[in-house]
Amino acid sequence: MKLSPHSRYLSPVLRFAAFRRSPQLWLRSPCRASSSLAMSLGSRNPPQVATVTISYSNLKDRSSDLSAKIEQGFGPDGLGILSISDVPGFPTLREDLLSLSARVASLPEDAKRDLEDPESSYCLGWSHGREKLESGKLDTFKGSFYGNPILDEPTTDVSLLKRYPSYCRANKWPSIALPELEVAFKGLGKMILDVGLMLAYHCDRYVSKSIRMHDDEGLEQTLQHSRCHKGRLLYYFPRQWSESKEDTSSMSSWCGWHTDHGSLTGLTCGMFMRNGVRIACPDSAAGLYIKTRNDRIVKVVFGEDNLAYQIGETTEILTRGLLCATPHCVRAPKGENASGVDRSTFALFMQPDWDEILRFPSEVHHHKELILSNGTLTFGEYSEMLVDKYYQQGS
């Protein structure tokens, strides 16, 4: 999802750290079902396209050949995103967690300070006003709660804690102020990972038809043994009409253009509320926008009860371009109807372990100041570079 936070188009591995911290991800899509054909949203708005969708029953069947769907969604001509329908228990877990985001943001200031973790560059626990927008200004319009839903304490190795603090440090939960958060966060995060691993298996089957892979080189194995998965619960504070006139005018008003640099980003549809009451998205033009290979911009939608997954650049690198990441941004709702509306969403950044070796191609297109042609970095090394580059250090 950040996640990233708000970065520009990073190279195939780069996206993870950045995206995590970026408003990035974050599917501000109205998340409504639509025709798979592009539909005009108006003379000045890009067309709207529904994601390629795979049913959960087909996904869990390891004998199913989903290559056509994988290629359509993740291949060179795809949008870098697809969604999974009918996941048992998902709607309830989504509702349980997203309904808590406003409560996290409303905790007393001293309680939120206790949840901050400067040592991790604010990539664990509560984070507000620590990441930068495309303009270079600090983003104070949303707050995030980060955590590893799989491992509370990924490692006790002191050298690793010092080297990769944004991944290796322990989770920080509001155990007294809001004990429900840990249960809901882990419940949804683990489900998204489990479904993502099923999807990764089918991605490996598709890729293996074109390139030879060892058993331990596939996306499924890479994600299965990783200790780096990071969840991000996002809360967008309600704003008054007078405050939002200028800030919501651009297409990337809620999340700047970027490409996720992890492996897979699992996304939920956003939940909108006004004065504590659930409402539909107040602006049909708001949502997730993706730039296609031919530089065409489309708005992407998926069902509210569907789980969406986006390809990250690490996967693009490891599959030699057979699975492709795409630049995307999120557009905030605008207009008087958007006044006083808050929004919640969740993303799980599924990524390699910090010691996973990333071998870059001879032609590096982005972040050339960080990446050498034909060079190698561990995922952790690259991620920490991005943390330093995009995140505000200090208190």
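Biologist: What makes Glu381 partly exposed?

Modeller: Keep in mind that this is a predicted model. Glu381 has a relative accessible area of 24%. Buried would need under 20% and exposed over 50%, so a value of 24% puts Glu381 in between, as partly exposed.

Biologist: How do you know that Arg163 and Glu381 meet in a salt bridge?

Modeller: The N to O distance between their side chains is 2.6 Å. The cut-off is within 4 Å, so the pair qualifies as a salt bridge.

Biologist: And why do you say that this pair ties together parts of the chain?

Modeller: Arg163 lies in helix 7 (residues 158-163) and Glu381 in helix 13 (residues 379-390), so the salt bridge joins parts that are 218 residues apart in sequence. Arg163, by the way, is partly exposed at 47% relative accessibility.

Biologist: What makes Glu304 and Arg94 a salt bridge?

Modeller: Their closest N and O atoms are 3.8 Å apart, and the limit is within 4 Å, so they count.

Biologist: Which parts does the pair of Glu304 and Arg94 tie together?

Modeller: Glu304 sits in the loop between strand 12 (297-301) and strand 13 (307-311), while Arg94 belongs to helix 4 (residues 90-98), so parts that are 210 residues apart in sequence are tied together.

Biologist: Is Arg94 buried or exposed, and how do you know?

Modeller: Arg94 has a relative accessible area of 2%. Buried means under 20%, so Arg94 is buried. Its partner Glu304 comes out at 36% and is partly exposed.

Biologist: How do you know that Glu304 also meets Arg278 in a salt bridge?

Modeller: Here the N to O value is 3.7 Å. With a cut-off of within 4 Å, Glu304 and Arg278 therefore form a salt bridge. The two come from distant parts of the chain, Glu304 from the loop between strand 12 and strand 13 and Arg278 from strand 10 (residues 277-279), 26 residues apart. Arg278 is partly exposed, at 35% relative accessibility.

Biologist: Which residues are linked in a network of salt bridges?

Modeller: The network links Arg94, Glu95, Arg278 and Glu304. The full count of salt bridges is 13.

Biologist: On to the helices. Why are helix 3 and helix 9 called roughly perpendicular?

Modeller: Helix 3 (residues 67-74) and helix 9 (residues 180-208) pack at about 95°, with their axes 9 Å apart. Roughly perpendicular covers 65 to 115 degrees, so that is the label for helix 3 and helix 9.

Biologist: Which residues make the contact?

Modeller: Helix 3 brings Ser67, Ile70, Glu71 and Phe74, and helix 9 brings Leu199, His202, Cys203 and Tyr206. Five of these residues are nonpolar, two polar and one charged.

Biologist: How many aromatic pairs are there?

Modeller: There are six aromatic pairs. One of them is Phe145 with Phe185, whose ring centres are 5.9 Å apart, with 80° between the planes.

Biologist: What makes the pair of Phe145 and Phe185 edge-to-face?

Modeller: Planes over 60 degrees apart count as edge-to-face, so 80° earns that name. Phe145 lies in strand 5 (residues 142-147) and Phe185 in helix 9, so the pair ties together parts 40 residues apart in sequence. Phe145 and Phe185 are both buried.

Biologist: Why is the pair of Tyr235 and Phe237 called edge-to-face?

Modeller: The angle between the planes is 85°, at 5.1 Å centre to centre. Over 60 degrees is what the term asks for, so Tyr235 and Phe237 fit. Tyr235 is buried at 6% relative accessibility, whereas Phe237 is partly exposed at 23%.

Biologist: Which residues do ring pairs link into a cluster?

Modeller: Phe145, Trp173, Phe185 and Phe346.

Biologist: What makes Asn275 exposed?

Modeller: Its relative accessible area is 74%. Exposed means over 50%, so Asn275 qualifies. Asn275 is in the loop between strand 9 (271-274) and strand 10, and its phi is near 55°, a positive value in a residue other than glycine.

Biologist: How do you know that Asp295 is exposed?

Modeller: Asp295 has a relative accessible area of 61%, which is over 50%, so Asp295 is exposed. Asp295 lies in the loop between strand 11 (287-291) and strand 12, with a positive phi near 65°.

Terms used: Residues are numbered from 1 along each chain as its sequence is written. This is a predicted model: local features need pLDDT of at least 70, side-chain atom pairs count only at pLDDT 80 or more; totals for chains, interfaces and linings use all residues. Side-chain values use heavy atoms; hydrogens and water are left out. Helices (H or I, at least four residues) and strands (E, at least two) are DSSP runs, numbered from the N terminus. Buried means under 20% relative accessible area, exposed over 50%, partly exposed in between (1.4 Å probe, protein chains only). Axes are lines fitted to C-alpha atoms, for helices over the stretch in contact, and angles run from 0 to 180 degrees between N-to-C directions. Angles under 35 degrees count as roughly parallel, over 145 as roughly antiparallel, 65 to 115 as roughly perpendicular and the rest as oblique. Contact means heavy atoms within 4.5 Å. Ala, Val, Leu, Ile, Met, Phe, Trp, Tyr, Cys and Pro count as nonpolar, Asp, Glu, Lys and Arg as charged, and the others, Gly among them, as polar. Rings of Phe, Tyr and Trp (its six-membered ring) pair if their centres lie within 6.5 Å; planes under 30 degrees apart count as stacked, over 60 as edge-to-face and the rest as tilted.
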